[in-house]
Amino acid sequence: MSMLPAGKVLAFAAQGERRCLGVRRAGRWIVCPYGAVLDGAGAKDQCARCARLDRSRSVAADTMADDPRPYGVYLAYFGPGLLKVGITAVERGPARLVEQGAVAYAWLGRGPLMAARRAEALLGSALAVPDRFAKAAKRAARGALPPVADRFAELAQLHGAAQELPGWPETLQPVEFAGADHTELFGLDRIPGEVAELGGMTSGAEIVGEVLTGVGSDVYLRLAGGGGDGGGEAVAVMDARLLSGWVLGAAVGPMTTVPVRGVVSGAGERKGEGRGVGEGAGEQEGLF
């Protein structure tokens with residue numbers, strides 16, 4: 001968020017090949033020993049072998065059951081009807097919620113890792129609360145969010161139902177409901193109701209635009225040169241994870257040449273097929 005403040009102008013191009021970032025250990029990245037080349041359209045910044053090594057010691061993959069740190073169970077709100085359950089180390093605070101682009105959230109309980117995992121599974125089986133949502137659903141919801149009070153009401157209802165469930169882990173301490181909202185942090189009021197989507201990078205592709213705001217890994221840009229038809233100002237969202245592994249240099253042209261997908265309204269309805277912005281943009285391709 002701090003590295004891409006609103007109003008910052010971006011003008012960069014992808015160079016060479018997109019390479020695997022390697023494995024993260026002790027807070028730093030160790031270079032991929034295979035020199036693997038990655039797909040420019042994928043959000044993953046690791047090759048399959050490095051990803052397997054990472055997951056060999058991962059809370060997400062349930063391969064760190066002996067982690068002694070206390071964990072928090074949270075409820076995250078992304079839009080009406082889009083509530084999920086998740087866990088994160090207490091020491092991280094709300095960082096995980098920010099990374100996921102949660103519009104609002106509330107803590108549900110705190111305790112040992114396996115107790116937190118049991119609570120997460122309990123909500124899934126008893127209340128059908130998912131542990132993830134597709135990025136497309138999150139993006140569509142941001143363009144038509146209800147007032148903060150309504151978001152908290154939906155969170156509070158689920159929070160109460162969850163804590164009344166039989167089978168609540170004995171070692172998990174319940175947390176009283178207290179809603180938190182990210183409207184100001186994310187600059188949600190700067191996101192218009194209709195936003196296009198930037199596709200994956202290819203060597204030589206350029207992105208030129210002004211930052212409106214950032215939500216999780218999503219960066220909202222006002223593209224230089226307007227829309228694909230050359231008229232007006234186009235706003236598009238870019239998944240910053242798609243830049244991982246690329247060497248980025250200065251843009252040569254004045255406009256974005258990365259493929260642009262059709263505009264999605266706040267209701268999640270795709271309104272027509274998008275085209276590239278500026279010269280050099282080709283056929284439409286899916287973002288993931």
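**Briefing: a helix and its end, a covered strand, and free cysteines**

Right after α3 comes Ala 128, a residue with a positive phi, near 55°. This is a predicted model, so read what follows with that in mind. Three topics get a look here: helix α3 and the residue after it, strand β12 with its partners, and the cysteines.

**Helix α3 and Ala 128**

- α3 runs over residues 113-127, and Ala 128 sits in the loop that leads from there to α4 (135-142).
- What makes the phi of Ala 128 worth a second look? Ala 128 is not a glycine, yet its phi is positive, at about 55°. Most residues other than glycine have a negative phi.
- Is Ala 128 buried or exposed? With 65% relative accessibility, Ala 128 counts as exposed.
- The length of α3 checks out: at 1.5 Å a residue its 15 residues should span 21 Å, and the C-alpha atoms at its ends are indeed 21 Å apart.
- α3 has a good set of buried residues, including Leu 113, Ala 116, Arg 117, Glu 120 and Leu 123. Charged names thus turn up on that list beside leucines and alanines.
- Which elements do the buried residues of α3 pack against? They pack against three strands, β4 (71-79), β5 (82-89) and β6 (104-111), plus helix α5 (148-163).

**Strand β12 and its neighbours**

- β12 covers residues 235-239, and five of its five residues are buried.
- In a regular strand, side chains alternate between the two faces of the sheet. In β12, Val 235, Val 237 and Asp 239 point one way while Ala 236 and Met 238 point the other, and all are buried.
- β9 (residues 195-198) pairs with β12 in the parallel sense over two bridges. Within that pairing, Glu 197 has Val 237 of β12 as its bridge partner.
- β11 (residues 218-223) pairs with β12 too, but in the antiparallel sense and over five bridges. Here Val 219 stands opposite Met 238 of β12.

**Cysteines without a bond**

- How many disulfides are there? With a cut-off of 2.5 Å between cysteine sulfurs, the count is zero.
- Cys 20 is in no disulfide, and the nearest cysteine sulfur, in Cys 47, lies 3.8 Å away.
- Why does Cys 47 go unpaired as well? The closest cysteine sulfur, that of Cys 50, is 3.7 Å from its own, so that is too far for a bond.
- Both of these cysteines are tucked away: Cys 20 counts as buried at 9% relative accessibility, and Cys 47 is buried with a relative accessible area of 10%.

Methods
Residues are numbered from 1 along each chain as its sequence is written. This is a predicted model: local features need pLDDT of at least 70, side-chain atom pairs count only at pLDDT 80 or more; totals for chains, interfaces and linings use all residues. Side-chain values use heavy atoms; hydrogens and water are left out. Buried means under 20% relative accessible area, exposed over 50%, partly exposed in between (1.4 Å probe, protein chains only). Helices (H or I, at least four residues) and strands (E, at least two) are DSSP runs, numbered from the N terminus. Two strands pair if DSSP finds at least two bridges between them. The expected span of a helix is 1.5 Å times one less than its number of residues. Contact means heavy atoms within 4.5 Å.
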